[in-house]
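Reader: I would like to learn how to read a helix and an interface in a model like this one. Could you take me through them slowly?

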Amino acid sequence: MMELICPAGTPAALRSAIDAGADAIYCGFNDETNARNFPGLNFSRDEMRKSIALAHGRGARVLVAINTFPRASAVELWHRAVDDAVSAGADALILADIGLMDYTARRHPNQRLHVSVQAAAANPDAIAFYAETFGAKRVVLPRVLSVPEIAEITRESACETEVFVFGGLCVMAEGRCSLSSYATGKSPNMQGVCSPPSHVTYEQTADGTKSSLGGFAINRFAVSEPAGYPTLCKGRFSTAQGAGYIFEDPVSLDATTLLRGMRNAGVTALKIEGRQRGRAYVESVVRHFRHALAALESGSETDIASLKPFTEGQASTLGAYRKTWR
Amino acid sequence: MQLSLGPVLYNWAPERWRDFYFRIADEAPVDVVSVGEIVCSKRSPFFADHIPAVVERLQSAGKQVLLGSLILVSLRRERRQTEELAAVEGAMVEVNDLTCLRALAGRPHAIGPFVNIYNEASAAFHAAHGAKRICLPPELPLASVATIAKAIPDVTTEVFAFGRVPLAISARCYHARLHKLAKDNCRFVCEKDPDGLLLNTLEQQDFLTINGVQTLSHTCANLLGDAGILRESKVGSLRLSPQDCDMVEIARIFRDVLDGRDDADGGNRRLAAVYAGVPFSNGFLWAEPGHLYRRGRSGDMQSVAPQIGPV
């Protein structure tokens with residue numbers, strides 16, 4: 001059966017994920033070394049050690065994400081995160097930076113290493129490079145691929161593949177996007193944040209609500225419309241060719257209906273996005289996918305409840321997995 | 001300080017593309033020229049026939065030629081294209097995606113601004129694996145640029161110094177989407193916008209530029225006024241990225257300021273005249289939002305966007 005990899009932004013969410021049936025939980029330290037660096041989120045060194053011990057006691061694994069790109073002159077901070085995750089007993093490290101992979105492979109040759117989606121390994125040659133150079137055992141695939149492409153990559157790769165099945169959806173190649181820092185000075189690669197709340201404003205106008213990011217209007221909502229969060233690539237813009245959601249509608253990924261295709265493609269693990277989300281989200285989404293996987297095993301896939309309350313703008317998409325927009 | 005010319009990022013008519021490089025070869029004071037279609041593999045066949053003549057003309061004029069690899073490689077055809085590029089002899093490949101590294105197997109190469117090098121350890125890794133030139137990601141602040149450049153003295157460190165700033169790459173084509181076409185049947189509508197398609201906010205504020213699968217800034221990076229501090233920081237080359245303007249003149253302006261024949265203010269005035277109507281930016285270099293522009297070392301940041309109040 002495919003593994004279910006679940007997010008945890010707090011030790012409490014980690015326990016919820018285990019209760020709900022997670023095979024593995026991914027989480028990060030509470031600093032700029034991980035790509036969900038939000039205030040009040042993530043694990044202290046002590047919490048990480050205890051959480052890993054707890055997970056192991058209950059038969060679950062913990063993958064530690066150290067997936068930002070180390071700041072020049074501060075590489076030590078990221079080295080310490082790697083060393084501490086290894087000594088805390090992490091089952092794998094999820095890394096994006098080539099220098100950090102090099103360090104980890106040399107310093108901790110027995111540590112299992114996963115290639116983060118932020119490393120943007122989108123084909124078998126790039127994956128082979130990581131496997132051959134650093135001994136990477138698994139790659140988290142970018143959300144820009146279709147199911148047939150995932151199948152082809154998985155067939156040709158020495159690495160296991162892990163794919164996102166639910167949650168926030170990047171429409172740009174992950175780890176290669178500076179839109180957020182262009183508007184705000186803060187980026188996923190450098191600060192571990194995208195479209196950060198510190199740079200968001202909402203303004204009431206006669207026509208409704210305007211949301212802005214770094215001073216740029218990202219969306220406008222009528223009085224009757226719920227005002228969504230202004231993630232840059234999910235905004236409404238205008239061009240000479242027309243206006244609207246130019247990059248992507250404000251939707252979330254939900255690949256529940258594609259699980260059979262993922263299994264047939266040879267995918268090893270399914271990943272749920274959302275380390276920044278609360279326990280209720282983790283609990284419900286994990287339970288949903290545990291149920292869906294059990295149904296897939298027993299051949300009764302029709303009995304799958306809706307996850308709509310947890311999707312952005314209450315709408316979901318199959319993303320690139322079904323290549324309708326190609 | 002060298003000047004390099006990055007690859008044309010837009011979908012120009014093939015003859016125009018060829019003639020652009022012929023004129024660069026004959027007239028532009030640049031040391032290095034990177035050629036090839038790196039944004040969209042569907043466009044590549046249009047330029048393929050002209051590449052040998054362009055490379056020869058540039059090399060005869062004494063320019064070092066780099067062959068740029070695709071930024072995002074996912075299809076089988078794109079992998080093959082990348083592999084073939086790595087097999088070419090007589091010109092160094094400029095790697096824009098790590099896919100290329102395996103095929104190059106340590107042979108001398110250049111690294112383009114689309115490879116994530118954010119620190120001295122990653123730069124050293126690439127230097128140890130054959131990188132001779134590294135153009136750093138445009139997002140990097142000066143402090144990081146300086147640390148990296150000092151850590152790899154044998155490698156020419158380059159920064160993105162002129163042109164709209166590449167910000168994102170996607171598997172999805174926004175030109176096709178806007179024209180209500182599927183990517184596989186896009187009719188190459190991006191050719192209608194040789195300088196990209198302007199994207200505004202709903203308040204009609206200029207914001208971004210769409211170029212097929214690529215998204216760039218609306219502002220034009222301009223590090224001319226920062227050339228002095230970049231030189232002190234051991235940066236060895238400034239990259240000029242082709243826009244739909246007189247790039248020969250842009251190169252002359254940079255050369256004039258670098259060689260002391262003009263000062264930065266004079267150079268900036270000339271740049272603004274040659275590439276008119278597009279605001280400058282250098283915010284990334286100063287660890288500020290990328291769209292901002294700061295004149296000189298101690299100057300105030302200028303904004304093309306209204307500043308948000310305290311939050």
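Author: We will look at a helix of chain B, and then at the contact between chains A and B. Please keep in mind that this is a predicted model.

Reader: Which residues of helix α3 of chain B are buried, and where do they lie around the axis?

Author: The general idea is that an α-helix has 3.6 residues a turn, so residues three or four places apart point the same way. In α3(B), which covers residues 51-60, the buried residues are I51(B), V54(B), V55(B) and L58(B). Because they cover an arc of only 95° around the axis, they sit on the same side of α3(B). On the other side of this helix, P52(B), A53(B) and S60(B) are exposed.

Reader: What covers the buried residues of α3(B)?

Author: The cover includes α1 (14-27), β2 (32-35), α2 (44-48) and β3 (64-68), which belong to chain B. After the helix comes G62(B), and its phi is positive, near 90°.

Reader: How many residues does each chain bring to the contact?

Author: The size of an interface is often given as the accessible area lost when the parts come together. Here we count residues instead: chain A gives 57 residues and chain B gives 58 residues. On the side of chain A that touches chain B, α7(A) makes the largest share, with five residues, and by class this side has 28 nonpolar, 20 polar and nine charged residues.

Reader: In which sense do β11(A) and strand β8 of chain B pair?

Author: They pair in the antiparallel sense, over two bridges, and S238(A) stands opposite N200(B) in β8(B).

Conventions:
Residues are numbered from 1 along each chain as its sequence is written. Chains are lettered from A and ligands numbered from 1 in the order in which they are written. This is a predicted model: local features need pLDDT of at least 70, side-chain atom pairs count only at pLDDT 80 or more; totals for chains, interfaces and linings use all residues. Two residues are in contact if their C-beta atoms, placed from the backbone, lie within 7 Å. Helices (H or I, at least four residues) and strands (E, at least two) are DSSP runs, numbered from the N terminus. Ala, Val, Leu, Ile, Met, Phe, Trp, Tyr, Cys and Pro count as nonpolar, Asp, Glu, Lys and Arg as charged, and the others, Gly among them, as polar. Two strands pair if DSSP finds at least two bridges between them. A residue is buried if 20 or more other C-beta atoms lie within 10 Å of its own, exposed if 12 or fewer, and partly exposed in between; C-beta atoms are placed from the backbone. The arc is that of the directions from the helix axis to the C-beta atoms.
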